[in-house]
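These are my notebook entries on one protein structure. I record what I looked up, entry by entry, with each term explained where it is needed.

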Amino acid sequence: MRSLTNFAPSTFEERGAAVAFTTPVLAQTRVRKDDRDKLEVLIPNLSDGHGVYVVPWKGLPLAFPMTVHDRMLQDLIRKGDGCSPDDIRKAVLQAARCGLAGPLAVEAAEAALRDEDEQRLLINYQLIVEVLKAVGLESTDILRAGLGSEKGEQLTRSYMTKAAQSLALEPTELYARVAELATFMEPVGIASSPRPARLRRLARDLLQFRDSMTDWATGNVSEAAPIGTFCAEVAEHTLNQVRNVVNQLDQSVAAFELLLRQWDTKRTLVRRSTTRLSWLLDGWDFIITSWAEAQTRSKHEQDMAVHELFRVLPLLPKDEEKSDHALLADGLLAANRRTVRAYVDWRSGQLDTDLVMRIEAIKGKAA
């Protein structure tokens with residue numbers, strides 16, 4: 001076990017990606033690769049919330065009783081090729097669709113996958129429009145014919161061939177660059193989109209969480225108030241980083257012709273930015289949804305919810321932020337040693353069915 005300060009990761013990869021387990025003690029624990037490229041899971045100390053346990057991935061079922069859903073999810077992640085937030089999300093949606101986390105999780109996973117399909121079609125069309133706009137061609141004919149129709153596809157090929165000539169690129173190369181950019185930008189979308197993509201929506205929700213938590217902590221005289229203030233501060237620091245990344249991406253897309261012409265050099269920057277955005281927002285969907293649910297409950301339950309959120313708060317790695325959030329978190333734990341208790345009822349090793357059901361409900365809303 002290591003203290004939060006000693007554990008404090010330097011990079012996102014070292015921090016690990018949050019996993020949407022439904023077993024209460026494992027909810028939102030983080031998975032990463034060790035020095036031997038083996039998976040390991042990081043679990044906050046079970047006794048008083050102070051410190052982090054590092055457990056080999058394959059030994060997780062031996063150390064903790066797990067729901068059937070979580071055993072399946074663990075196996076899917078083990079069989080996957082990586083443990084980035086996007087890799088984990090794919091496994092989480094796949095496990096949720098099996099129904100082991102309840103019907104709400106199934107509906108949410110299906111809705112999330114439909115949204116991804118729609119966003120994929122939308123971002124491809126928007127980027128084609130940007131290509132044509134960059135070379136002075138009009139795209140209304142394609143929209144009028146219907147992007148998915150045979151006539152629309154013929155018009156798209158014809159216009160893209162003209163655009164490739166204007167850009168001094170082979171048509172196949174232009175298509176390849178647009179397709180690769182669309183893959184990178186799919187979870188982010190572009191600024192002019194009438195329907196914000198997933199990560200932009202999550203950033204908007206994080207802003208609302210920060211404001212809501214700030215208001216709650218300001219008007220609260222309980223011992224949970226400083227913890228709520230800290231949660232809001234971490235959200236604010238995260239939002240600052242998110243804004244910087246999104247602005248850089250939006251500026252790149254705004255200079256679209258330059259982006260296409262210099263794609264060989266700019267593709268790495270775009271991919272790095274979209275990946276970083278996924279890491280920055282990783283784990284916040286659970287926090288946001290949990291807090292929204294807590295606001296419908298009693299004041300005491302809200303205090304307890306803040307303690308629970310503090311346990312899984314996505315602190316920024318040391319290399320990402322000047323403020324040492326891990327050190328500040330250790331200070332809060334020391335000042336609230338009697339009240340910051342992380343899931344103490346679960347140390348018996350028995351699953352708390354009510355808490356499992358509550359986490360499954362949150363999982364369904366946060367997919």
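**Entry 1: the sheet.** I began with the rule for pairing: two strands pair if DSSP finds at least two bridges between them. Helices (H or I, at least four residues) and strands (E, at least two) are DSSP runs, numbered from the N terminus. I noted that the model is a predicted one, in which local features need pLDDT of at least 70, side-chain atom pairs count only at pLDDT 80 or more, and totals for chains, interfaces and linings use all residues. Residues are numbered from 1 along each chain as its sequence is written, and side-chain values use heavy atoms, with hydrogens and water left out.

I found that β1 and β2 run antiparallel and are joined by two bridges. Within this pairing, Ala17 stands opposite Val31 in β2. Strand β2 (residues 30–33) is also antiparallel to β3 (residues 39–44), through four bridges. Here Val31 faces Val41 of β3, and Lys33 has Leu39 as its bridge partner. Five residues separate β2 from β3 in a hairpin, and Asp37 in the turn has a positive phi of about 65°.

I then asked in what order the four strands form the open sheet. The order is β1-β2-β3-β4, with antiparallel pairing. β1 (17–18) and β4 (52–56) each have a single partner strand, so one side of each lacks a neighbour in the sheet.

**Entry 2: overall counts.** I listed 17 helices and four strands for the protein. Of its 367 residues, 51% are buried; buried means under 20% relative accessible area, exposed over 50%, and partly exposed in between (1.4 Å probe, protein chains only). Contact means heavy atoms within 4.5 Å. Among contacts between residues at least 6 apart in sequence, 67% join residues at least 24 apart.

**Entry 3: confidence.** I looked up pLDDT, the predictor's confidence in each residue, from 0 to 100. The protein has a mean pLDDT of 85, and 83% of its residues reach 70 or more. Among the elements, helix α10 (residues 198–218) has the highest mean, 97, and helix α1 (residues 4–7) the lowest, 44. Residues 1–6 have pLDDT below 50, and this stretch has 22 contacts in the model beyond near neighbours in sequence. pLDDT also stays under 50 over residues 338–349.

**Entry 4: the cores.** A nonpolar core is a set of buried Ala, Val, Leu, Ile, Met, Phe, Trp, Tyr and Cys residues joined through side-chain atoms within 4.5 Å. Which residues have the most contacts inside the largest core? They are Leu60, Leu174, Phe209, Met213 and Trp284, in a core of 89 residues. Helix α11 (residues 225–254) gives the most to this core, namely 12 residues. A second, separate core has six residues, among them Ala101, Ala105, Ala109 and Ala112.

I followed Met213 further: leaving aside neighbours within four places in sequence, its contacts include Gly228, Cys231, Trp291 and Leu309. Trp291 is also one of the buried residues of α14, as are Trp284 and Phe286. Nine of the 11 residues of helix α14 (residues 284–294) are buried, so this helix is largely enclosed by the rest of the structure.

**Entry 5: a loop residue.** Is Gln28 buried or exposed? Gln28 is buried, at a relative accessible area of 9%, and lies in the loop between β1 and β2. Not counting residues up to four places away in sequence, Gln28 touches several residues, including Phe21, Gly283, Phe286 and Val312.

**Entry 6: salt bridges.** A salt bridge is a side-chain nitrogen of Lys or Arg within 4 Å of a carboxyl oxygen of Asp or Glu. I counted 26 in the whole structure. Arg195 and Glu118 form one of these, at 2.4 Å from N to O. Arg195 sits in the loop between α9 (171–185) and α10, and Glu118 in helix α6, 77 residues apart. Both belong to a network of salt bridges with Asp115 and Arg201.

A further pair is Arg120 with Glu186, whose closest N and O atoms are 3.2 Å apart. Arg120 lies in helix α6 and Glu186 in the loop between α9 and α10, so the pair ties together parts 66 residues apart in sequence. Arg120 is partly exposed, at 34%, whereas Glu186 is buried, at 15%.
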